[in-house]
Every structure is written in C-alpha cells, then in structure tokens.
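Okay, everyone, thanks for squeezing me in. Let me put the sequence and the model up, and then I'll walk you through a few spots.

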Amino acid sequence: MTIHREGRTILFVLLVVLFALNWAVAQFFPQPILQNIFIGLSIGFYLLILQFFRIPVFKVQKNERQILAPADGKVVVIEETEETEYLKAKRKQISIFMSPINVHVNLMPVAGKISYFKYHPGKYLVAWHPKSSTENERTTVVAKMKDGTEILFRQIAGALARRIKWYVKEGQVLDQGDEFGFIKFGSRVDIFLPLNAKIVVNIDDITKGGRTVIAEL
C-alpha cells in the first residue's frame with residue numbers, strides 16, 4: 001500500500017498541527033491522563049485521515065470485453081436511464097457509492113481514448129440524492145474503445161466530498177485500470193453502459209476499483 005499524492009501535503013501539515021497541539025497540552029495540562037487521552041485521540045484522527053489516501057497495490061486483470069469498477073464502494077443504482085449530456089440515448093447506469101472509509105482513487109473501467117471531458121460546478125447534495133448526478137459538482141468523462149464503443153462515467157461530489165481531482169484530457173489514451181481521478185473523502189461514481197451490456201453485479205454489492213468486474217460487453 002502507498003499514499004496518494006493528493007494526501008501528502010495534507011498529512012504533513014496535519015502531523016505538524018497535531019504535534020503542536022500535543023505539545024501545548026503537555027505545557028498547560030500537566031495531568032498525565034489528559035495528555036494520554038489527547039495523544040490517543042490525535043493518533044486515531046491521524047490514522048483516519050491517513051486511510052483516506054491509501055492506494056492498494058495490485059495487478060489489473062485486463063479484458064477488453066469486461067467493464068471494471070472505477071472505484072471502491074457499494075453498488076447503489078442499477079437502472080436503465082437516458083444519458084442527456086453527451087450520448088443522448090438510453091443506457092444502463094451503475095452507480096457506486098464511495099464511503100469515507102473506501103479507497104478514493106478512480107480507475108479507468110475500460111481502455112480507450114478520451115473522446116469527451118467536461119467539469120461541471122454545482123451543488124453538494126448527499127451522494128445518494130436522486131438529483132446529485134445532475135446538480136452536484138461533477139466531471140463527465142467518455143472513453144472510446146477500439147471497437148468504437150463509448151463508455152461514459154462521472155465523478156460526483158457529495159456533502160462531504162468537495163474536492164474532485166481529474167488527470168485526463170480529451171485525446172488522451174489510457175489503459176484499463178489506469179488512474180483517471182481522485183475524490184477526497186468519498187462520494188460516488190456513475191457509469192453508463194450500452195443497453196446490450198450484461199450487468200454482473202447487484203444492488204449492495206461491494207466493489208474494488210480496477211478489480212471487480214461490474215459488466216460484460
């Protein structure tokens with residue numbers, strides 16, 4: 001396991017702040033029990049923030065006929081819907097909710113060329129709100145596969161997650177499992193698939209980004 005670059009500055013600053021606070025407690029509150037309680041709370045809080053930025057190390061099992069989960073989390077939506085921004089057609093939608101305890105890196109579900117990208121400023125409704133997909137801060141990414149199939153996916157901010165990061169641009173070619181973004185402190189990722197895609201996950205299934213197969217073409 002490694003630490004994501006998005007968290008290195010935050011973790012360093014937090015370490016300095018917690019060290020200073022513990023020093024201040026030691027100076028003004030000489031009682032050992034109070035100092036030990038504060039040290040324990042500081043360690044627990046630091047480890048909580050640390051786990052937000054962890055990156056598991058694994059080998060992606062690439063398969064151009066399979067769609068991999070773009071994020072760790074839980075499947076909260078499987079439905080047929082109209083995609084109105086780019087594809088402008090009916091698609092099968094899978095939504096994965098990322099809780100604060102999940103890995104927050106986002107990975108390419110398929111290999112392909114980025115044929116469309118757009119950042120949308122917006123609200124910060126809770127991630128499971130029905131309108132979060134269209135009203136929250138979000139990005140829309142479309143990957144065009146070798147056979148011409150286009151897969152659209154979105155990073156969606158939530159009430160807590162207000163820091164979406166993306167590392168893609170139109171024309172860029174990425175492999176299946178490559179990192180395309182990061183959402184600090186949770187939220188959700190939506191993915192829109194062709195109607196003939198076979199969904200192989202169910203509601204409430206737990207996914208692992210870059211490892212769990214969510215559909216087959």
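Let's start at F29, which sits in the loop between α1 (5-28) and α2. Quick reminder before I go on: this is a predicted model. So, is F29 buried or exposed? Well, somewhere in the middle: F29 counts as partly exposed because its relative accessible area is 43%.

And F29 has company. Together with F28, I33, L34, I37 and L41, F29 makes up a nonpolar patch on the surface, and the accessible area of those residues together is about 660 Å². Which element gives the largest share of that patch? That would be α2, with four residues.

So let's stay on α2 for a moment. Helix α2 covers residues 32-52, which is 21 residues, and at 1.5 Å a residue that should span 30 Å; the end C-alpha atoms are 31 Å apart, so the two agree. Helix α2 also has buried residues, namely S42, Y46, I49, Q51 and F52.

Okay, zooming out. In total we've got three helices and 16 strands in this protein. There are 217 residues, and 44% of them count as buried. The accessible surface is about 11300 Å², with 60% of that belonging to carbon and sulfur atoms. For the contact-map people: take contacts between residues at least 6 apart in sequence, and 71% of them join residues at least 24 apart.

Now for a sheet. Here we have three strands in an open sheet, ordered β3-β16-β14, and the pairing is antiparallel. The edges are β3 (66-68) and β14; each has a single partner strand, so one side of each has no neighbour in the sheet. As general background, sheet strands pair through backbone hydrogen bonds, in a parallel or antiparallel way. Looking at one pairing here, β3 and β16 (residues 213-216) run antiparallel and are joined over three bridges. If you want a residue to click on, I67 stands opposite A215 in β16.

Last stop is N196. Where does N196 lie? In the loop between β13 (187-193) and β14 (198-199). N196 is exposed, because its relative accessible area is 65%, and the cut-off for exposed is over 50%. From N196 to E216 it's 20 residues in sequence, while C-alpha to C-alpha the two are 9.0 Å apart in space.

That's my tour, happy to rotate the model for anyone who wants another look.

Methods: Residues numbered from 1 in each chain as written. Predicted model: local features only at pLDDT ≥ 70, side-chain atom pairs only at ≥ 80, totals over all residues. Heavy atoms only, no water. Helix = DSSP H or I, 4+ residues; strand = E, 2+ residues; numbered from the N terminus. Buried < 20%, exposed > 50% of the residue type's maximum accessible area, 1.4 Å probe, protein only. Pairing = 2+ DSSP bridges. Expected span 1.5 Å × (residues − 1). Contact = heavy atoms within 4.5 Å. Areas by Shrake-Rupley, 256 points an atom, 1.4 Å probe, with all protein chains shown as cover. Patch = residues over 30% accessible without salt bridge, like charges linked within 9 Å, V, L, I, M, F, W, Y side chains within 5 Å. Salt bridge = Lys/Arg side-chain N within 4 Å of Asp/Glu carboxyl O.
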